[in-house]
Amino acid sequence: MTCEVAMEEQEREISDIEPQECPTAVENGVLLVVNHSRIKPPFSVVLATVLYCAEFVSAAVLCSMYHKTDDDIWLGFTIAFMLLPAVIIQLALTFIHRDLGRDRPLVLFLHLLMLGPVIRCFEALVVYFKAGKKEEPYVTISRKISLKKGQGMPMEWEIGQSERNLATHRNAFKRTAVIQAFLGSAPQLTLQLYATIQEKYILPARMALMIITLISITYGALVCSVLAIQIRYDDYKVRLRPFAYMCMIAWRGLEIAARITALVLFSTALTHWVILVGMSNLLFFFFLPWVEFWARKGSLTQDVEKNFSKLGTTVVLCMFTLLYACINVFCWSAVQLDLSHRELIERKQRWCRLAMYYGGRFVENFVLITLWYFFKSDFYEYVCAPLLAVQLLICYSLAVLFMLLFYQFCHPCRRLFKYNVHDCLHCICCRTGRREARGRRGKLPPSYSTAATMVLVQEEPLELLDPRNSQPLDLTSQLGERETAIVEDMMEAA
């Protein structure tokens, strides 16, 4: 991405940092916090590095066991799913940190050894432990709107060099976590589960690898959901509570587990047909953003990289679209691509597409499980096949339920929703009732979800109040005065 887009992503990440509770002034209705933010430990960087190393090592151990038993097919696929994401991760980290134009031979050598995430994690920890030992000038100013009890308070605070460097590392490892999850862990888990069923016994090394890959996929899906929220509500300070994370983990874990199990069971009964199912899913989601792009008659964004030609930009967009397609094969990506937008992400939330995805995926899983039930092998004679099929459908239904609970009660910006989950379900019930009443038309009754924990239904946009006189605040004109100076600081620091 370009420097401008990278800086915007850093601002989103920095906005999660908790400022010190010592505001110094209220100027033009904007709460100014001049003290530097308290830096949080880079837990996400460490977690992504641990998952990368654990999966790589466990896959290498399993490959050595396959080599001893002359299982060449399992060996070849395991090595492919181990090295492919590792190579792409090295290239992504080198591209994001722009190391090719810098004199850093040791870092580049470690990337060649597939140890790029390790050295990057070490650098992030060094930056964190050195931060705060000496006073440093700020390099930019972060401006966000904090939502409290339905009201927005604009805030801005200084961002130092250490916070900015850590934000760069966090954003880089978010990308690597998604790449690792859906280009490596997801196909690796599918392969090892299929090998376990075909060989009819469980290897401890294989079981360890499957557990690690499932954790990696769940974490990658979690990152996708959080990034989608931060992109859509870029002007607001996004803060997720522990219960929201628990709800998202249950949602994503059940969704991925049910989906991969359905694919594997179907592949054991109709091995060649699963290739058609997988490729049709992959090609559909790969070409969907391009078809929408051509239908809009848009032009390719020029903000991917200024030094790229049109061919280079197209190649990068194809790789990005491939990652998007791989995500949607296994779970909901939480974002929609817009190849004409400079961020490549569509900010508008399309609830109809979300409903269509989960509805279509439930039907597909039901068809796959049904076909497996009728064409299953003799291996499942000692397994209660109807119970297993029902359990998979219940697991996917529970995943959808946790998703609805998240958007209804746990979404950090749920108070900005014009309609919540309850309103949508109530609207569907009212439409069904009207059809049964012979097309009788009437206005929908208002939603009764007015409790403080529910999503507030707002017909008007959120109004910010001036803390000095409780009058409506024109935030656009006030923040626009500082825009030029702040952008110049950001560009000089970049």
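Student: How many salt bridges does a search of the whole structure find?

Tutor: The search turns up eight salt bridges. Keep in mind that this is a predicted model. The general idea is that side chains of opposite charge can pair when their charged atoms come close. Take R104 and E123: their side chains form a salt bridge at 2.3 Å, N to O. R104 sits in the loop between α3 (72-97) and α4 (105-112), while E123 belongs to helix α5 (residues 116-130), so the pair ties together parts 19 residues apart in sequence.

Student: Which residues are linked with E123 in a network of salt bridges?

Tutor: R104 and R120 join E123 in that network. As for burial, R104 is partly exposed, with a relative accessible area of 21%, and E123 is buried at 16%. The cut-off for buried is under 20%.

Student: What about a salt bridge inside one helix? How far apart in sequence are E255 and R252?

Tutor: Start with the geometry: an α-helix has 3.6 residues a turn, so residues three or four places apart point the same way. E255 and R252 are three residues apart in helix α8, or about one helical turn. Their side chains meet in a salt bridge at 3.3 Å, N to O. E255 is buried, with 1% relative accessible area, and R252 is buried too, at 0%.

Student: And between helices? Where do R353 and E292 lie?

Tutor: R353 is in helix α11 and E292 in helix α9, so this pair ties together parts 61 residues apart in sequence. The salt bridge itself is 2.3 Å, N to O. R353 is buried at 18% relative accessible area, and E292 is buried at 14%.

Student: What do the buried residues of α11 pack against?

Tutor: They pack against α8 (242-269), α9 (271-296), α10 (310-330), β5 (336-337) and α12 (385-410). Among the buried residues of α11 are R353, Y357, E364 and W372. The helix has 25 residues and reaches 36 Å from its first C-alpha to its last, close to the 36 Å expected at 1.5 Å a residue.

Student: Which residues form the nonpolar patch on the surface?

Tutor: V363, F366, V367, L371, Y373, F374 and F375, with about 670 Å² of accessible area together. L371 lies in α11 and is partly exposed, at 30% relative accessible area.

Student: One more: is R206 buried or exposed?

Tutor: Buried, with a relative accessible area of 0%. R206 is placed in helix α7 (residues 204-232), and its side chain reaches the backbone oxygen of Y201 at 3.4 Å.

Conventions: Residues numbered from 1 in each chain as written. Predicted model: local features only at pLDDT ≥ 70, side-chain atom pairs only at ≥ 80, totals over all residues. Heavy atoms only, no water. Patch = residues over 30% accessible without salt bridge, like charges linked within 9 Å, V, L, I, M, F, W, Y side chains within 5 Å. Areas by Shrake-Rupley, 256 points an atom, 1.4 Å probe, with all protein chains shown as cover. Salt bridge = Lys/Arg side-chain N within 4 Å of Asp/Glu carboxyl O. Helix = DSSP H or I, 4+ residues; strand = E, 2+ residues; numbered from the N terminus. Buried < 20%, exposed > 50% of the residue type's maximum accessible area, 1.4 Å probe, protein only. Expected span 1.5 Å × (residues − 1). Contact = heavy atoms within 4.5 Å. Polar contact = N/O pair within 3.5 Å; in protein donor to acceptor, adjacent residues only side chain to side chain.
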